[in-house]
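Welcome! Take a moment to look over the sequence and the model before reading on.

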Amino acid sequence: MTNVSAPIKTHSVDVKLSNLLKIFPTHDGSEDFYAVNEIELDIKAGELVTLLGPSGCGKTTTLRMLAGFELPTSGSIHIGADNVTNVPPNKRNVAMVFQSYALFPHLSVFENIAYGLKINNVPKGEVIDRTFKVISLMHLEEFKDRLPSQLSGGQQQRVALARAIVTEPRVLLFDEPLSNLDAKLREYMRDELRKIQQRLGITSLYVTHDQTEAMAISDKVVIMNHGKIQQADNPIDIYTRPNNHFVAGFMGKANFLHGVVKDVKDKKAIINILGQTISVSVNDKVKLSENGPVDCVTRPEFWELSEEGKFNGEITRVIYLGNHVEYEVALGDETITMMDFEHYKHGIKQEGERIKLHLKEECVSLLPPRKEYVKEGLV
Amino acid sequence: MANTNTTPSTNKIETNGSRQLKRMKMLIKEPYLLAIIIIIFVSLFVFSIYPIYQVFKITVVNDEGLLDLSLIVETFTSSFFLKTLWNSIQLGILSAIFGTIIGFIFAYAVTRTEMKGKKFFNLVALLPIISPPFVIALSVILLFGRNGIISNGLFGFDDSNVYGLRSLVFIQTLGFFPIAYLNLKGVLEAIDSSVEDAALNLGASRWKVFRTITLPLAVPGILSSLLLVFIKAIEDFGNPMVIAGEYQTLAVQAYLQITGMYDLRAGSFYAVALLLPSLTAYFIQKYWINKKSYVTVTGKPTQARMKINEKHIVLPLFIFCGLITGAVLLIYGTVLWGAFVKVWGVDNTLTLDNFKYTFTLGFDSVQNSLLLSALSTPITAILGMIIAFLIIRKQFIGKKLMEASSMLAFAVPGTVIGIGYILAFNQKPLLLTGTALILIIAFTFRNITVGIEAGTNSLRQVDPSIEEASTNLGASSFTTFRKISLPLMKSALFSGLVYSFVRSMTSISAVIFLISVNWNLLTVTILSQVEDASLGAAAAYCIILIVIILIVIGLLEFFVNYLSSSKRRSYR
């Protein structure tokens, strides 16, 4: 879709959100709602950072504060060297791609894209020039005279992106831009967005609730919940080294198993779970003490069917998904979810069948036990 | 605030205060916006609130400027006043009930059945809206009066008494049922068809569906129609003036006290007595009933409604609508005919004499009405759109106040505005009485609500992120309004233009106090012709008025479509 040479100039800058707080008052005068609770976030020049989290976690509010549509209750926002905390939204030069695209329904594709240039009093010849460059970059030539209502969802999406980048913004903002597309198109557009963003090198903040999307396009993923940042890392660390239960559970599936530390040496911990002993790499997320409690994060793909497996279980549920089969397995008092990608070899098991499981111990990561378990003495 | 250790309550107070402060700061950064908000506030205060306050004031303050309640006590104990008050209310209630029933049946037939001729019925029902209300009174005199073609010509009565409550209820029902019809049509159309389908699907009969689903869901609409027609009927000035006879109403008495007895205070008191019930009804309608509405705008495209096609339902509805439509056509046909005959009921030869007479008598009032309406219409419509934009999209202190005060001049009876304007603007620095300006201002502020309503309704359906996108690309509020919001409010702008023009051309109750020798208006001329019993000339003027309105509506429609399509290249 994209042309080889990028005709758009970019001004890569850092973005810094410091101590950002946004409180919405509730109408009935009860306790205020902390939409964004004192977050700190640095985005390096040219990076694409994703804000990921369930609805109501504050990700969109954060994005809108960067755009200037919401004013922070306190804290500051810097774009490059400028403090833009109280700069009105039309003076920030940050372009946004809206969830609904927000194309101007009464203007043609060309006029939509040229709008930002005209508004900023760019000379007419240059407006035409630059608009056509972006139109060809986005392969919109044949649609340039159409109205938005005459475009498909994917085409509208491209117009929305074209309109955002034509003004050569300092920062590009995406508010769940792909949520209105069907699954196939979403994957395609996701990769296109990323390619263009990388080619132009525009510092970008991307909001989504889709974890796969976040994994696929981000330099850095920021997981938010209840207005707070839970973890900000590259996608690999987010998945393999989650900070807490929320991150582990939100990013992919996770079985949390409660264990007791038996021994720690050479960066390896010997842990008792489900009556068996496993050896797991120590990390910095948890302080281990002998005979102390610990939670083991075991993802479904860490388990495999194996005659030599230490763990004995009974299948309680079978979900056939084509390329793999998902089983729920009762292991003693615990139930875990596992995936079998080699079902053509193992056959598809039935509910009630007894099986042996092997755990890939080298993949397991450790977390401090959840407070409630400690309290209830369940460890 | 960064200190989260403070107790929640102090924290909230601080944030509220600083939020307001921040809003103000943001406003100051957009000086255009701030200036416009201030200008609108000042003009609403001067031209809506202040004149109404003057009307209240004069009823309790005597000529020496002292508080004096004797007028109120006197009037309230006078049986004449109480009779007049009761007359107005009785008239309002009767007209509201009949008008709403007819309006509902019309709306149901048009929205729910496959009845033939729906477009035609719809069109005829709009006639009373675009013509001055007292056209119907004039026509009723032509039909049933002393020389009426039905009373005298057909039945040979030569002493038929057409004046009084019965005629008045008939006229106002026919004149104002279209308001109920349009209101209820909107309500019935907006009820999600799947709700009624669900009831049918569960085994309910058509009648059951109507009684248990459609009617209950339409109740808020019915109540608001009742109140709207009630307000219209009690504040109507033209019809009672022409045909009430001995049956006195408040609006007419207020006028007669001032122009006949030169008693400004008594007149004002009658106006206030008129104001209270109508204002109460208006705000109940606006804030209480509308809140109860079941109609929601989802933006989800609804599937086409399955229309009723059973003969035993459609036929009675068709006959009913046919009868009402026939009556409306008879009324307007009579006026048309009356404009072309020599002496009504005596010499029925066709002639153009009446039109010649209107030209010799003076075409000034026609020109004045046209000029002043044409001047105030664009101001009203654009101002309406701006206020709608501010109310829906902007945050500023006193927004609710702006909304309420912009409705005030619309909600209060024209009589009150008329009297208020003479009281408020008869001395320097605001010496406006006798000028054209006072008429333009009266038109503008009385009609602005129509534009605001249309504007807010259409803006609510525009995704706010479209405007945010414009802001995000660097446009100021002003530019966004001009380039994005206003074009998207095109249809609202059109209806704002049409309504304010029609209302200006046909208004009488307010302007009758404000006209002067130099600035007489068409509606007032017609009224005086009726009073002089030169019915032919009155009819001719009415026809001229209606034709002008139709032409202007056509031109406006063409103009608005041209404006938006000239930029559109062909793509299909």
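What follows is a short tour of confidence and of the two domains of chain B.

This is a predicted model in which local features need pLDDT of at least 70 and side-chain atom pairs count only at pLDDT 80 or more, while totals for chains, interfaces and linings use all residues. Residues are numbered from 1 along each chain as its sequence is written, chains are lettered from A and ligands numbered from 1 in the order in which they are written, and side-chain values use heavy atoms, leaving out hydrogens and water.

**How confident is the predictor?**

The model scores ipTM 0.76 and pTM 0.76. pLDDT is the predictor's confidence in each residue, from 0 to 100. The table sets the two chains side by side; helices (H or I, at least four residues) and strands (E, at least two) are DSSP runs, numbered from the N terminus.

| Chain | Mean pLDDT | Residues at 70 or above | Lowest element (mean pLDDT) | Highest element (mean pLDDT) |
|---|---|---|---|---|
| Chain A | 88 | 94% | helix α10, residues 371–376 (49) | strand β3, residues 48–52 (95) |
| Chain B | 82 | 88% | helix α1, residues 8–28 (55) | helix α4, residues 79–112 (92) |

In chain B, pLDDT is below 50 over residues 1–14 and also over residues 566–572. Chain A has pLDDT under 50 over residues 1–6 and over residues 373–379. Where pLDDT is low, the predicted coordinates should not be read in detail.

**The two domains of chain B**

An automatic or database domain assignment gives the bounds: domain 1 of chain B covers 21–55 + 352–572, and domain 2 of chain B covers 78–297 + 307–337. Their centres, taken over C-alpha atoms, are 24 Å apart.

How many residues of domain 1 of chain B are in contact with domain 2 of chain B? There are 38, and they meet 38 residues of domain 2 of chain B, where contact means heavy atoms within 4.5 Å. About 3,200 Å² is buried between these domains, with carbon and sulfur atoms giving 81%; buried area is the accessible area (1.4 Å probe) that two parts lose on being put together, summed over both.

On the domain 1 side of chain B, the elements giving two or more residues include α17 (399–411), α22 (490–506) and α24 (535–565) of chain B. The most come from α24(B), with ten residues. By class, this side has 28 nonpolar, six polar and four charged residues, counting Ala, Val, Leu, Ile, Met, Phe, Trp, Tyr, Cys and Pro as nonpolar, Asp, Glu, Lys and Arg as charged, and the others, Gly among them, as polar.
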